[in-house]
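Look at the structure below before reading on. The notes that follow go through a sheet first and aromatic rings second.

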Amino acid sequence: MHKAHTPPAPGRPEGDRLHKAHTPTPGSGDRTGPQQPSAPAPGTGRSGDRNGPQPSAPAPGTGHPDHHPAPSAPARGDRHLAHSGDGKGPAPQRPEPRGGLLMGRPFGVPVYVAPSWFLVAALITWVFGGQLERVLPELGAARYLVSLFFAVAFYASVLVHELAHTVAALRFKLPVRRIQLQFFGGVSEIEKEAETPGREFVLAFVGPLLSLVLAGVFYAAVQTVEPGTVPGVLLAGLMISNLIVAAFNLLPGLPLDGGRMLRAVVWKITGKPMKGTVAAAWVGRALAVSVLIGLPLLTQSGALGTDAVDNVGMDTVLDALLAAILAAIIWTGAGNSLRMARLREHLPELRARALTRRAVPVESDTPLSEALRRANAAGARALVVVDADGKPLSLVREAAIVGVPEHRRPWVAVSGLAQDLTDGMRVSAELSGEELLDALRATPATEYLVVEETGEIYGVLSAADVERAFVKAMARPS
């Protein structure tokens, strides 16, 4: 399966996935994100040209004084810049988690094997080895080597399934973060959602299609070998396992590939992706209940090709445990899909223009106390260090201000508390939603300079404000 996810909030580790379009399933694991009035131009030395000084500083997180409050910024009281913040700032962004043992980079996408894979590989080796003992007793202990080869070949088939999603995503210019092979199959982590229902359908369908093609290839290969031999048993096992992977993933409920396909169909009919997500997620929850109840009953009745069992034994307990695990994965994946779809509905509310703080320009040798006096008088909550021509050079870090005792502020120049501006720390005032989060994630920082399309300075954006807005958007109901 494939998993599309929304970029994490600035300062948040990427371990918390925001959008799980698909959760790992046996053999496969598709898991797939009005203009406000102008603000003063602090960097130009003309901060009063448009709006004039404000009587008081806005509450942290409420954005520019001329803007409507951001949807997520909880008020913390009216505090001036000199007293705002806790000195901690947002947590620095951590390196992207590796996800296990790196096996290679097909198509430029890293493929990892999670530690849990070794557990399931051992389980497959043990179970398949027991079956080989009945079919090919002459193998003896060597049957476990054959079983281990089967486990590796099976997961190679899962990798082909995931690569199909990856190639389709790259074809549609959707970035793929990584592929991970893990306990219940594989995951293709696709960074963004498909733009149209047609692409969504294709992106979901190519995985099961490749599994069906592999099943056909193994079926053709079985015809060329003698039945009852090691090659015959291996090829037949791989054929059946790929059929199971394809059939399971085609079930029409999220987070499975079939659920993504159902979502695409409903999206196409209604024109609303959220309705498609809701429909496919509830079908997924119904599937979870069906698996929880139906799989043990089918196994016990012998409908799946096993002998009927009249009493409760270890096999029955294991079947029930497997059903519970599968049901939990499907139910959780469906719920995550609903939550992330709701989040994507609210992401456009994260607007750089609405979250930007008013800033005042100060020269590098300005004492901190004087800079804070000017900011408080103008109702601003950020400082931009500029040169003699008003060109911005750096941003004074809020956390650094809090760390300077009040009695020392007349003797500390703002340049010693500032962070030099880089290209990545300049963001457009027009950015919103995922584009805004992508821009901030590309260059982790505590503050960003917000500029108009003309290059004129609009204000300063705090990563902490965006993070609070992001978390609030996640909590809001649809």
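How many of the five residues of β11 are buried? Five of the five are buried, so β11 is largely enclosed by the rest of the structure. Keep in mind that this is a predicted model.

**The sheet around β11**

- Strands β10, β11 and β12 make up an open sheet of three strands, in the order β10-β11-β12 and with mixed pairing.
- The edges of this sheet are β10 (426–428) and β12 (457–462), each of which pairs on one side only.
- From one strand to the next, the twist averages 35°.
- In general, strands of a sheet pair through backbone hydrogen bonds, and the pairing is either parallel or antiparallel.
- β10 and β11 (residues 447–451) run parallel and are joined by three bridges.
- Two residues of β10 can be matched to partners in β11: R426 has L449 as its bridge partner, and V427 has V450.
- Between β10 and β11 the chain crosses through helix α11 (residues 433–442), and this β-α-β crossover is right-handed.
- On the other side of the pairing, β11 and β12 are antiparallel and share five bridges.
- L449 of β11 has V460 as its bridge partner in β12.
- The hairpin of β11 and β12 has five residues between the strands, and G455 takes a positive phi near 95° there.

**The two faces of β11**

- In a regular strand, side chains alternate between the two faces of the sheet.
- In β11, E447, L449 and V451 are on one side, while Y448 and V450 are on the other.
- Both faces are covered, and the residues named on each side are all buried.

**Aromatic pairs**

- A search of the whole structure finds six aromatic pairs.
- The ring centres of W117 and Y155 are 5.7 Å apart and the ring planes lie at 90°, so this pair is edge-to-face.
- W117 belongs to helix α1 (residues 115–135) and Y155 to helix α2 (residues 143–171), so the pair links distant parts of the chain, 38 residues apart.
- W117 and Y155 are both buried.
- These two residues also belong to one aromatic cluster, formed by W117, F118, F128, F150, F154 and Y155.

**Charges over rings**

- R285 lies over the face of W282, 4.7 Å from the ring centre.
- The charged end of R353 is placed over the ring of Y458, at 4.9 Å from its centre.
- Y458 falls within the residue range of β12 (457–462), an edge strand of the sheet described above.

Note on methods. Residues are numbered from 1 along each chain as its sequence is written. This is a predicted model: local features need pLDDT of at least 70, side-chain atom pairs count only at pLDDT 80 or more; totals for chains, interfaces and linings use all residues. Side-chain values use heavy atoms; hydrogens and water are left out. Rings of Phe, Tyr and Trp (its six-membered ring) pair if their centres lie within 6.5 Å; planes under 30 degrees apart count as stacked, over 60 as edge-to-face and the rest as tilted. Helices (H or I, at least four residues) and strands (E, at least two) are DSSP runs, numbered from the N terminus. Buried means under 20% relative accessible area, exposed over 50%, partly exposed in between (1.4 Å probe, protein chains only). A charge sits over a ring if NZ of Lys or CZ of Arg is within 6 Å of the ring centre and within 35 degrees of the ring normal. Two strands pair if DSSP finds at least two bridges between them. Axes are lines fitted to C-alpha atoms, for helices over the stretch in contact, and angles run from 0 to 180 degrees between N-to-C directions. A crossover is right-handed if, with the strands pointing away from the viewer, the path from the first strand over the helix to the second runs clockwise.
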